[in-house]
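Here's a friendly walk through one protein model, helix by helix. Have a look at the picture first, then read on.

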Amino acid sequence: MNIMIPKTRISFDDALACAREGAITRDAARTLIRARDGREFDSLMRAAADLRDRLKGRAVTYSKKVFIPLTNLCRDYCGYCTFRKDAGQPGARTMTPDEVLRVAEAGARLGCKEALFSLGDRPEALFPEMRATLAHLGHRTTLSYLAEMCRRVFEETDLLPHANPGLMGRRDLETLRETNPSVGLMLENVSERLMTEGMPHSNAPDKRPALRLKTMEEAGRLRIPFTTGILIGIGETLDERIDSLFAIRDLHERYGHIQEVIIQNFRRKPDIAMRDHREPTLMDHARTIAVARLVLREMNVQAPPNLADDDYPFLLRAGINDWGGISPLTRDYINPEKPWPHIDALARRSKDEGFELKERLSIYPEFAVKDEFMSGAVAARVRSMADERGYAKASKTGVI
Ligand code: SF4
């Protein structure tokens, strides 16, 4: 006869003590993320904020960027995505080189320093129309067109490209690193369960966790500063959130290249498959950030302010030290209904919480001052744009 042995969890107070001693285990993190409102929640937030203050200080960073949606065609169908389009669908669009450069130049005039390229994953694998568009542009793959556009933005403007194109192989990463001081790929979650029928990644072959971890690992081998993160509230369990944070931490322990971990909250939109799915609450978002801080320790933890509406300053109390990219020019194409706060307002609200808002480049300060993470023209450009501590030098133009 099988005897079911109940799973015991470490107590909340013991888990918090582990975390405060810098020895958080997976089991302790699984307990902490279940912090109940009241004393447990408050003490979790305090521990995370104390650790952030001790390791990162009271500065909160952001990057002034323009958003370049190179193509919104995508071969995946993530249940929460409002960005993607099929070829021929109203709004489906691939930017021409002239359009890309026009947006980049307008951003540079406003003092932006980052060109964030966001795009669908491998649309040419699904749509003959995309293959024809790429052929017309002189390319076979979207990633090769992206590389050319990154090169032109790097050479013809003052912006630093930061590519976020979905899965990348070693060769793609090698090419992109010639013009990108950093690149990005959201892990989303390590759960294979989210790929099964009825789940948000059931028709999204590029969201297979093993493939995403492989891209991140390849970037580590190549010493490329890497932005990643998790998306919460898409049907994952609390334990799967913890497993995802530990997977990111494990990669960073091996390669030291994860420059930023975004804790992004799912937001409902009328035109997505998950339009009736419940959104995570602010408290749920905050306790996930707090546990992320305790797991990731000195790593940079980011939350997008526009996805927390007017409550965003509260997330500073959970232990973040970065607000991500903020654009004075282009909207958030991934969450078009949620405008970014004005940079002046972001500075004022951060100051009200006791934080100084500081501008960084697309590459984080601690990576911008290390030669091993950059080479050639990229290193020279970053050095000319960064101060001695690696933050962005003050803009000559366009104080927003
Ligand atoms: S989230 Fe990214 S991969 Fe998924 S459908 Fe949207 S654009 Fe494609």
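## Helix 3 against helix 10

Helix 3 and helix 10 cross in a left-handed way, meaning that the near helix is turned anticlockwise from the far one by less than a right angle (clockwise would make it right-handed). This is a predicted model, where local features need pLDDT of at least 70 and side-chain atom pairs count only at pLDDT 80 or more, while totals for chains, interfaces and linings use all residues. Residue numbers start from 1 along each chain as its sequence is written. Helices (H or I, at least four residues) and strands (E, at least two) are DSSP runs, numbered from the N terminus.

On the helix 3 side, the contact uses F41, L44, M45, A47, A48, L51 and R52, and helix 10 brings M283, A286, R287, A290, R293 and L294. Being in contact takes C-beta atoms, placed from the backbone, within 7 Å. Sorted by type, the contact has 10 nonpolar residues, no polar ones and three charged. Here Ala, Val, Leu, Ile, Met, Phe, Trp, Tyr, Cys and Pro are nonpolar, Asp, Glu, Lys and Arg are charged, and the others, Gly among them, are polar.

How do the axes lie? For helix 3 (residues 39-56) and helix 10 (residues 282-296), they come within 9 Å and cross at roughly 45°. Axes are lines fitted to C-alpha atoms, for helices over the stretch in contact, and angles run from 0 to 180 degrees between N-to-C directions. The two helices are therefore oblique; under 35 degrees would be roughly parallel, over 145 roughly antiparallel and 65 to 115 roughly perpendicular, with the rest oblique.

## Helix 9 joins in

Helix 10 also packs with helix 9 (residues 238-255), at an angle of about 30° and with the axes 10 Å apart. This crossing is right-handed. R241, L245, F246 and R249 of helix 9 meet T288, A292, V295 and L296 of helix 10. That makes five nonpolar, one polar and two charged residues.

## Helix 4 and helix 6

Then there's helix 4 (residues 97-109) with helix 6 (residues 142-156): their axes come within 10 Å and cross at roughly 40°. Helix 4 passes helix 6 in a right-handed crossing. P97, V100, L101 and A104 touch M149, R152, V153 and E156, a mix of six nonpolar, no polar and two charged residues.

## Around the ligand

Which residues surround the ligand? They are C74, D76, Y77, C78, C81, F83, R84, G120, D121, G166, A204 and D206, each with its C-beta atom, placed from the backbone, within 6 Å. This shell has six nonpolar, two polar and four charged members.

Methods: Two residues are in contact if their C-beta atoms, placed from the backbone, lie within 7 Å.
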